[in-house]
Amino acid sequence: MNHLETFLSCSIFAFQVTLCAFLYARKAQRILPFFTAYAIVILVNMIWLWFVYKVFGFLSVTAYFCYWISILVNAGMRSLAIAELCRFKLGAYRGIWGLIWRGLAGLSALFLLHAAFDTWGQPNRFAIYSLTLDRDLEIASVAILAALLLIHNYYGLSLEPLQRTIAAGICFIAATDAIGYTILQHLYTGFLFPIFSGNHSSLWRDLLPYSVRINDLWSTVHVSCFMFTIGIWCYALRKPIPARVEAPELLPSDVYRELSPAINMRLATFNDRLVELLKP
Amino acid sequence: MNEPSIVIPLAIALSGLLLWLLISGRKSSRMGAPSYSSLDGLPTAKHYGYFPQIRQALSEEDAQFLRENAPPHVAKRALRERRAVARGFLKGLHEDFSNLARLGRMIAALSPEVSHQQETERLILSLKFQVLYSLVWLRLAAGNLPLEQLEHLTGLVGRLATRMDAAMAEISALSAGQIQGGLGA
């Protein structure tokens with residue numbers, strides 16, 4: 001590890017510890033258990049990776065596999081935290097939640113399938129598999145959060161301030177990573193791939209310093225964005241988390257059964273009139 | 001999806017959409033989540049009630065009078081302003097429609113069971129309305145939409161609003177009955 005990486009690692013470690021401390025102090029595990037678990041997992045992964053680097057070396061094969069596995073574990077936990085955000089408010093509205101969770105699950109399944117196919121088509125390298133899978137999961141995270149917020153807006157609901165900040169943070173880091181990973185993947189699977197896949201070891205030795213510089217630059221961008229994200233999560237956690245809002249009083253089922261078709265019929269008639277209006 | 005030219009704009013667009021939704025969600029959170037009380041306070045329609053005055057202002061007799069008696073530049077300006085008034089009125093009708101559609105969504109949110117078909121249908125109808133409204137607005141801006149057709153549309157919104165007001169009164173009565181029943185138990 002060079003000086004820059006050491007500095008960035010120490011900084012991100014301090015931020016992650018602060019976030020976990022805030023989550024513990026605010027008893028966030030009662031309201032957001034998966035998000036709390038996500039914060040703990042990223043901290044544990046970092047400590048675990050640090051030990052791996054110490055024992056096996058930063059450029060060892062073990063460190064390489066452990067790093068990419070930890071990236072996938074983080075992505076999995078983040079997905080659970082997003083699922084929790086989806087259920088947080090909508091879960092209280094039984095009727096629409098029954099409809100929406102299927103839609104969101106279907107959308108997630110589509111993205112997972114796409115990620116699997118996308119990864120399948122990559123050159124045979126574990127890092128490129130992980131990078132592609134994680135990149136696709138990052139895009140899926142942003143898309144699902146966007147779908148979730150669209151649904152909230154559509155039904156006149158809104159996330160609580162803390163949940164909104166968590167969503168904004170996940171979106172920011174996921175979008176940054178998706179862009180960064182895409183550029184990296186394009187570099188490594190594009191014109192750099194023949195250099196380290198074929199018999200060009202002498203050429204690769206010359207290019208190694210440039211590769212290290214690219215990695216350093218990306219690490220700096222990624223870690224800075226991640227620290228910013230953790231910073232805004234900590235800022236949102238500075239106040240005690242409000243108690244869970246009580247479930248709304250629901251209407252009798254008959255009201256929906258009677259009114260909804262009537263409203264839709266009227267809306268359809270309205271559209272028909274608009275079409276008539278447009279006829280020459 | 002390996003091309004940076006696809007992924008990078010997609011990620012930026014999705015983030016922009018999310019940011020916009022987060023900001024608008026923050027504004028709507030101040031209005032509160034759907035509840036019985038928010039159903040009561042929702043105006044079903046208000047703009048259609050002003051149609052007689054608008055009709056007077058946009059009548060062909062008025063236009064004819066202007067063309068015959070006012071200087072050309074004044075008549076032209078007045079006609080342009082009449083179109084702006086009609087556009088404003090159409091915007092009001094859009095608001096009425098949106099409120100009624102919102103009522104449908106709020107009822108869905110507050111229902112223990114919702115129909116997939118009904119919700120999909122309402123979503124498609126709302127999207128279709130947006131497209132049609134834009135086309136009507138363009139025609140009105142171009143000045144070739146007869147007033148009678150606008151009147152026809154207004155009548156429809158009016159009838160719809162009356163029915164919805166009656167439905168709202170029923171829901172309020174039901175709500176009051178539930179609360180009383182709860183207190184009596």
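This tour moves through a predicted model, starting with chain A as a whole and then turning to single helices, a few residues, the nonpolar core and chain B.

**Chain A as a whole**

Select chain A and colour it by secondary structure: nine helices and zero strands should appear, so that, read from the N terminus, the elements run α-α-α-α-α-α-α-α-α. With the principal axes as the frame, the C-alpha atoms of chain A fill a box of roughly 75 × 55 × 30 Å. The radius of gyration of chain A is 23 Å, whereas a compact globule of 280 residues would have one near 19 Å. Of the 280 residues in chain A, 32% are buried, and among its contacts between residues at least 6 apart in sequence, 77% join residues at least 24 apart.

Next, recolour chain A by confidence, for which the mean pLDDT is 83, with 90% of the residues at 70 or more. Among the elements of chain A, helix H2 (residues 33-56) has the highest mean pLDDT, 92, and helix H7 (residues 193-197) the lowest, 61.

Now select residues 3-247 and 250-280 of chain A separately, as these are domain 1 and domain 2 in the domain assignment. Taken over C-alpha atoms, the centres of domain 1 and domain 2 of chain A lie 43 Å apart.

**The loop before helix H2**

Zoom to A:Lys27, which sits in the loop between helix H1 (3-25) and H2 of chain A. Although A:Lys27 is not a glycine, its phi is positive, at about 55°. Most residues other than glycine have a negative phi. Is A:Lys27 buried or exposed? A:Lys27 counts as exposed because it has 11 C-beta neighbours inside 10 Å.

**Helices H3 and H4**

Move on to helix H3 (residues 61-90) of chain A, whose 30 residues reach 45 Å from the first C-alpha to the last, close to the 44 Å expected at 1.5 Å a residue. Among the buried residues of H3(A) are A:Ala75, A:Ile82, A:Leu85 and A:Phe88, and the list also includes the charged-name entries A:Arg78, A:Glu84 and A:Lys89. A:Trp68 belongs to helix H3 of chain A as well, but this residue is partly exposed, because 18 other C-beta atoms lie within 10 Å. If you draw a distance from A:Trp68 to A:Pro33, C-alpha to C-alpha, the value is 25 Å, for two residues that are 35 apart in sequence.

Helix H4 (residues 94-120) of chain A follows, with 27 residues that should span 39 Å at 1.5 Å a residue; the end C-alpha atoms are 38 Å apart, which agrees. Show A:Gly95, A:Ile96, A:Ile100, A:Ser108 and A:Ala115, which are buried in H4(A).

**The nonpolar core and chain B**

Then display A:Val142, A:Leu145, A:Ala146, A:Ala167, A:Cys171 and B:Leu18, which touch the most other members of the largest nonpolar core, a set of 84 residues. Helix H5 (residues 126-154) of chain A gives this core its largest share, 13 residues. Centre the view on A:Ala167: leaving aside residues up to four places away in sequence, A:Ala167 touches A:Leu85, A:Leu145, A:Leu159 and B:Leu22.

Finally, select chain B, in which there are seven helices and zero strands. Of its 185 residues, 24% count as buried. Among the contacts in chain B between residues at least 6 apart in sequence, 84% join residues at least 24 apart.

Note on methods:
Residues are numbered from 1 along each chain as its sequence is written. Chains are lettered from A and ligands numbered from 1 in the order in which they are written. This is a predicted model: local features need pLDDT of at least 70, side-chain atom pairs count only at pLDDT 80 or more; totals for chains, interfaces and linings use all residues. Helices (H or I, at least four residues) and strands (E, at least two) are DSSP runs, numbered from the N terminus. The radius of gyration is taken over C-alpha atoms; the globule rule is 2.2 Å times the number of residues to the power 0.38. A residue is buried if 20 or more other C-beta atoms lie within 10 Å of its own, exposed if 12 or fewer, and partly exposed in between; C-beta atoms are placed from the backbone. Two residues are in contact if their C-beta atoms, placed from the backbone, lie within 7 Å. pLDDT is the predictor's confidence in each residue, from 0 to 100. A nonpolar core is a set of buried Ala, Val, Leu, Ile, Met, Phe, Trp, Tyr and Cys residues joined through C-beta atoms within 7 Å. Domain bounds come from an automatic or database domain assignment. The expected span of a helix is 1.5 Å times one less than its number of residues.
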